[in-house]
Amino acid sequence: MRWLHTSDWHLGRGFHGTSLVDAQQEMLDTVCRTVEDQRVDVVLVAGDVYDRALPPEWAVSMLERCLLRLADAGVTVIITSGNHDSAQRLGFGRGLMAASGVHLRTSLEDAWTPVTLDDGEEVVLVYGVPYLEPQLYASRLGLGRVSHTALMEEVIRRIQADVDRRRQEICPGVTVRTVLMAHLFAAHGVGSDSERAIGVEAPSGEPMEHSEESSGGLAVVPLSLFEGFDYTALGHLHGRQRLAPQVRYSGSPLRYSFSEARQAKGAWLWDSTDWSAITGLDWHIGRDLAQLRGALEEILDEPTVRRHREDFVQVTVTDVVRPERAFQRVQEAYPHLATFAHRPPQEPGAAAGYAEALHQAETPGQVVDSFLEHVRGRGPGEEEQEILTEALAAVRVDLARTGGPAPEEGTS
């Protein structure tokens with residue numbers, strides 16, 4: 001059997017207000033084409049199939065077409081729900097889908113109910129653990145301590161008990177392998193800006209608190225929990241990475257934040273004839289990401305524009321004084337501009353100096369002068385000063401008409 005490990009498709013997600021529908025269709029086409037070209041038998045999708053609990057209709061249709069294509073190819077597909085998914089909605093029709101070789105693992109009991117694969121030489125038990133919020137599931141597992149680690153310890157204890165029972169039922173001499181799928185933050189994993197902090201909202205709408213150690217706001221689970229499995233297919237972190245020889249994140253096939261600009265993207269592929277020979281597949285899907293920082297003229301330099309014109313770009317202009325029409329000029333040069341900021345270099349103590357200037361300001365005009373000096377390195381010019389004086393006068397008149405407390409000259 002040939003295996004493909006992928007995760008974190010996040011169907012329905014955009015990028016800084018831009019639709020990714022075409023890139024996500026390319027992503028699913030890449031998965032299906034890889035399955036066909038590499039003659040893959042089993043596809044593991046470790047959570048976050050959708051980007052939110054109520055995905056757009058086009059995302060649902062896109063997933064259906066992908067699964068139909070894989071089912072028609074005779075591939076076994078095992079999918080777990082992630083913290084972005086609605087487990088109940090993703091799991092709809094799972095009983096019917098299983099007959100087509102598409103196995104959805106979205107409920108607590110699914111965690112220790114394996115998909116059994118038998119190629120005639122060995123039996124592989126695949127345990128798909130959906131994302132399990134501790135505060136929702138701890139009591140059902142008889143746990144007093146609410147944490148991802150405690151919950152996963154109990155789930156894996158039940159999985160191991162199931163493995164032991166099944167080993168006794170399988171004919172002697174038959175090799176039994178075990179594969180674990182989980183959606184969580186494992187120790188030593190490297191995160192990015194685009195992963196939502198693991199957790200759900202309470203019925204009141206308030207975020208639930210976690211009582212365990214965390215990294216980047218995400219609950220961390222120790223790698224020791226995964227010992228004893230022939231392969232652990234993890235989802236949640238968006239960079240493809242190897243935490244241990246048999247414990248790996250596939251990462252998201254697409255880049256969903258600028259923090260992922262240099263991450264390896266793709267999937268893991270291996271053959272069950274050699275479980276130690278795992279190959280990283282590199283996929284290049286969607287637009288490249290570019291982070292440009294410098295003076296405006298450097299960012300608008302012709303070779304730089306030519307190199308990154310078709311990329312999603314994050315631009316930070318560092319001129320001491322904000323150039324005229326800086327945003328418009330950048331937008332004209334880079335049609336896929338995602339973010340723009342003006343960040344002039346600041347002398348040490350500039351923030352403290354600005355705070356002191358505000359404290360000492362005696363008039364509204366002085367407050368404005370201090371602000372302009374802080375954000376662009378100079379106060380108002382003569383023409384700007386006239387405009388500001390007129391604007392402040394208009395504010396005083398308007399407040400006087402409405403009965404509000406008009407600022408007096410000489411006050412801040």
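**Figure 1. Lining of the largest cavity in the predicted model.** Val-129, Pro-130, Tyr-131, Leu-132, His-148, Leu-151, Met-152, Ala-182, His-183 and Leu-184 line the largest cavity of this predicted model. Two elements, α6 (148-169) and β9 (175-183), each give two or more residues to this lining. The greatest contribution is that of α6, with 3 residues. By residue class, the lining comprises 8 nonpolar and 2 polar residues, and no charged ones. The space enclosed is about 60 Å³, and the structure holds 1 cavity of 30 Å³ or more.

**Figure 2. Lining of the largest pocket.** The largest pocket offers about 530 Å³ of space. Its lining consists of 21 residues, and those nearest the centre are Val-60, Glu-64, Leu-67, Phe-92 and Met-97. Two or more lining residues come from each of α2, α3 (87-90) and β6. With 7 residues, α2 supplies the largest share of the pocket lining. The lining divides into 15 nonpolar, 4 polar and 2 charged residues.

**Figure 3. The largest nonpolar core.** This core has 39 residues, among which Leu-4, Trp-9 and Leu-11 touch the most other members. The elements giving two or more residues to the core are the helices α1 (21-38) and α2 (57-72) together with the strands β4 (42-46), β5 (76-80), β6 (102-105) and β16 (266-271). A second core, separate from this one, contains 33 residues, including Ile-156, Val-163, Phe-229 and Leu-234. In soluble globular proteins, nonpolar side chains tend to be buried together.

**Figure 4. Surroundings of Leu-11.** Leu-11 is one of the residues that touch the most other members of the largest nonpolar core. When neighbours within four places in sequence are left aside, the contacts of Leu-11 are Gln-24, Met-27, Leu-28, Val-49, Tyr-50, Asp-51, Ala-59, Met-62 and Leu-63.

**Figure 5. Surroundings of His-16.** His-16 is placed in the loop that lies between β2 (14-15) and β3 (18-19). Because its relative accessibility is 47%, His-16 counts as partly exposed. Apart from neighbours within four places in sequence, His-16 is in contact with Phe-258, Ala-338 and Thr-339. Although His-16 and Leu-337 are 321 residues apart along the chain, a separation of 9.2 Å lies between their C-alpha atoms.

Definitions and conventions: Residues are numbered from 1 along each chain as its sequence is written. This is a predicted model: local features need pLDDT of at least 70, side-chain atom pairs count only at pLDDT 80 or more; totals for chains, interfaces and linings use all residues. Side-chain values use heavy atoms; hydrogens and water are left out. On a 1 Å grid over the protein atoms alone, a cavity is a set of points where a 1.4 Å probe fits but cannot get out, and a pocket is an open set with protein on both sides within 12 Å along at least five of seven lines; lining residues have an atom within 4 Å of a point. Grid points are joined across faces, edges and corners, and a volume is the space filled by probe spheres set on the points. Helices (H or I, at least four residues) and strands (E, at least two) are DSSP runs, numbered from the N terminus. Ala, Val, Leu, Ile, Met, Phe, Trp, Tyr, Cys and Pro count as nonpolar, Asp, Glu, Lys and Arg as charged, and the others, Gly among them, as polar. A nonpolar core is a set of buried Ala, Val, Leu, Ile, Met, Phe, Trp, Tyr and Cys residues joined through side-chain atoms within 4.5 Å. Buried means under 20% relative accessible area, exposed over 50%, partly exposed in between (1.4 Å probe, protein chains only). Contact means heavy atoms within 4.5 Å.
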